[in-house]
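Trainee: Please take me through one part closely. I would like to look at the largest pocket, and then at the elements around the lining.

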Amino acid sequence: MTPETKGIVYLSGPISSNLDGYQKEFSLARVLVRKAGYTPVDSCFLPLGLKESDYMRISLAILEAADTVVALKGLSKNQGAQIEWAYAQRTGKQRMTLAQFCEINNVLASPADLEVGKREKAE
């Protein structure tokens, strides 16, 4: 039996260019997405050392299952995350920053939490 969820949210953000901080940022985003009643998915579970093309193929397959893509801090400075963002637009998925997602879903978070993805722009 599957728990009730409002939908699936793909978390998109830099990993390879943020090796020291990505686990914490994705973990926080997962908590906020769950708090809003959604199921978060991302590619953070993948091991380091794969080819960039393999990361993209796997990430886009995971993204395909999502209804919404949420941008984390640094998305605009990371090529892989930009590809995910563009793919989401091209396939008609809803896109927003983590701050926008929290605001829309009335998820309370500390101001520091909302800095994750705040400077990214959702078009």
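Mentor: Start with a sorting rule. Ala, Val, Leu, Ile, Met, Phe, Trp, Tyr, Cys and Pro count as nonpolar. Asp, Glu, Lys and Arg count as charged. The others, Gly among them, count as polar. Keep in mind that this is a predicted model.

Now the pocket. Rolling a probe the size of a water molecule over the atoms shows where empty space is left. The largest pocket has a volume of about 380 Å³. Its lining has 25 residues. Closest to the centre are Ile-15, Ser-16, Ser-43, Glu-52 and Tyr-55. Sort the lining by class, and you get 14 nonpolar, nine polar and two charged residues.

Which elements give two or more residues to this lining? They are strand 1, helix 1, helix 2 (52-64) and helix 3. Helix 3 gives the most, with five residues.

Take strand 1 next. Strand 1 belongs to an open sheet of four strands, ordered 2-1-3-4 with parallel pairing. Strand 2 (39-41) and strand 4 (94-97) stand at the edges. Each has a single partner strand, so one side of each is left without a neighbour in the sheet. From one strand to the next, the twist averages 30°.

Helix 1 (residues 22-35) lies across strand 1 (8-12) and strand 2. Helix 1 runs at about 160° to strand 1.

Helix 3 (residues 79-90) also packs on the sheet. It touches strand 1, strand 3 and strand 4. The direction of helix 3 makes about 140° with that of strand 4.

Now follow the chain on either side of helix 3. Strand 3 (residues 68-71) runs parallel to strand 4, and four bridges join the two. Val-70 stands opposite Met-96 in strand 4. Thr-68 stands opposite Gln-94 in strand 4. Between these strands, the chain crosses from strand 3 through helix 3 to strand 4. This β-α-β crossover is right-handed.

Put the two views together. Helix 3 packs on the sheet, and helix 3 also gives the most to the lining of the largest pocket.

Definitions and conventions
Residues numbered from 1 in each chain as written. Predicted model: local features only at pLDDT ≥ 70, side-chain atom pairs only at ≥ 80, totals over all residues. Heavy atoms only, no water. Pairing = 2+ DSSP bridges. Axes fitted to C-alpha atoms, helices over the stretch in contact; angles between N-to-C directions. Contact = heavy atoms within 4.5 Å. 1 Å grid on protein atoms, 1.4 Å probe; cavity = no way out; pocket = protein on both sides within 12 Å on 5 of 7 lines; lining within 4 Å. Points joined across faces, edges and corners; volume = space filled by probe spheres on them. Right-handed = clockwise from strand over helix to strand, strands pointing away.
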